[in-house]
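Biologist: I'm new to this one and would like a close look at a single part. Could you take me through the sheet and whatever packs around it?

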Amino acid sequence: MADPESTILNTSVNQKDAKEALVIAVTTRAIFNLEKEHEIFLTKGKDEYLKHQQMNENNPLEQGTAFAFVQAVQFVNKQLLERNPEEKRLFDVIVLSNNSPESGLRIINSAKHHGLEISKFCFVSDEDSTQYLKTHNVKLFLSADRKDVRNALQRGVSAALIFQQEIQTPNTQLRVVFDGDAVLFSDETERVFREEGLEGAIKYEKHMENVPMGEGPLKTFALHLGKMRKMFDQGDSPIRTYLVTARSGRDMGIRAIKTLREWGLAIDEAFFMDGAPKGPILSKIQPHIFFDDGLHNIQGARDVGIPSALVPWDC
């Protein structure tokens, strides 16, 4: 006989198979603007924070930096289910939070108010939430806490640090931009550049041209996203991926392209910027999220209203 509680829960959202879905975990400060509440927590303590959240539990929180990214993910799911109502290879978004269940009620209410399809809410009351990432088969973790991101990366999960910012409203097509070195790829060439300069890095790349680069922190997520991308034809895909790298195309682009080919990772558009600022091209692309390991590139993206996520390599 079926479990009545399970039956009730299964009717609330489309059930996703964690083995087939691309699971994305976000913290509450990544999808909602909780800067005021976070300040209360830091200056007045946990009890005042809890009191504030309980008093405002029916007041929806405003959108945070990753909010539009989650909405775009939902749009992809909608397209997939319209093609096949039994499709299991979907995006699955979960909330992983250091809030207590009591303070988390406002988070649940806010998600419902904004129509976010969050399959799971996990409130762990100040414990290290990243210990549950592998349990939920998470392929990408977005957090506004640097310690959480480092813990996730050390656990072998693709992760990035979200900055609270004002963003432009992007279109419905999910657009994701990756930096190359120390994000998709390892930082091997960056280390050569720091030790031997540009000439040494170019010489190294030419010597290693036919040797695929090592994997970076976001390779795993990018590969899973690429598999989702291949489920659509080029012309009508609700997903578009980009590589925007400081590498020059002439001297250092060949190895990057060959590495992507070796991995079986198709990127829709690649921009080899030769050290030029990335802000202008990002402003044209209008991605839902931009991953980079350089704070100067993150700041340049934020200056033009692009949702940005730092991938700290020094973990």
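Modeller: Here is a walk through the sheet, then the helices on it, and then a few residues around it. Keep in mind that this is a predicted model.

Let's start with the strands. Ten of them make up an open sheet, and the pairing is mixed. Going across, the order is β3-β2-β1-β4-β5-β10-β9-β6-β7-β8. At the edges you'll find β3 (118-123) and β8 (269-272); each has a single partner strand, so one side of each has no neighbour in the sheet. From one strand to the next, the twist averages 25 degrees.

Zoom in on the β3 edge. Strand β2 (residues 91-97) runs parallel to β3, and five bridges join the two. If you'd like a pair to click on, Leu96 has Cys122 in β3 as its bridge partner.

Now for the helices on the sheet. Helix α9 (residues 219-229) lies across β1 (22-26), β2, β4 (138-143), β6 (174-178), β7 (239-245) and β9 (289-292). Its direction is at about 145 degrees to β6. Helix α12 (residues 295-303) also packs on the sheet, where it touches β9 and β10 (308-310). Between α12 and β10 the directions make about 170 degrees.

Next, the nonpolar packing. In general, nonpolar side chains of soluble globular proteins tend to be buried together. Here the largest nonpolar core has 53 residues, and the members touching the most others are Phe91, Leu142, Leu174 and Phe291. Helix α5 (residues 67-83) gives this core its largest share, seven residues. A separate core of 28 residues lies apart from it, with Ile281, Leu282, Ala301 and Leu310 among its members.

Phe291 is a good one to select and look around from. Beyond its neighbours within four places in sequence, Phe291 contacts residues including Leu140, Leu142, Val176, Phe178, Asp179, Leu218, Phe221 and Val311.

Phe221 turns up again when you look at Ser158. You'll find Ser158 in the loop between α7 (146-154) and β5 (159-162). With 3% relative accessibility, under the 20% cut-off, Ser158 counts as buried. Its side chain reaches the backbone nitrogen of Phe221 at 3.4 Å. Setting aside neighbours within four places in sequence, Ser158 is also in contact with Lys139, Leu140, Phe141, Leu153, Pro217, Leu218 and Thr220.

Over in strand β7 sits Tyr242, which counts as buried at 2% relative accessibility. Not counting residues up to four places away in sequence, Tyr242 touches Arg175, Val176, Val177, Phe178, Ile267, Glu269, Phe271 and Ile285. To get a feel for distances, try Lys19: Tyr242 is 223 residues from it in sequence and 26 Å away in space, C-alpha to C-alpha.

One more residue to look at is Lys278, in the loop between β8 and α11 (279-285). Lys278 is buried, with a relative accessible area of 3%. Leaving out residues up to four places away in sequence, Lys278 touches Asp179, Val244, Thr245, Ala246, Phe290, Asp292 and Asn297. You've met Asp179 already, as a contact of Phe291.

Conventions. Residues are numbered from 1 along each chain as its sequence is written. This is a predicted model: local features need pLDDT of at least 70, side-chain atom pairs count only at pLDDT 80 or more; totals for chains, interfaces and linings use all residues. Side-chain values use heavy atoms; hydrogens and water are left out. A nonpolar core is a set of buried Ala, Val, Leu, Ile, Met, Phe, Trp, Tyr and Cys residues joined through side-chain atoms within 4.5 Å. Buried means under 20% relative accessible area, exposed over 50%, partly exposed in between (1.4 Å probe, protein chains only). Helices (H or I, at least four residues) and strands (E, at least two) are DSSP runs, numbered from the N terminus. Contact means heavy atoms within 4.5 Å. A polar contact is a pair of N or O atoms within 3.5 Å; within protein, one must be able to donate a hydrogen and the other to accept it, and residues adjacent in sequence count only if both atoms are side-chain atoms. Two strands pair if DSSP finds at least two bridges between them. Axes are lines fitted to C-alpha atoms, for helices over the stretch in contact, and angles run from 0 to 180 degrees between N-to-C directions.
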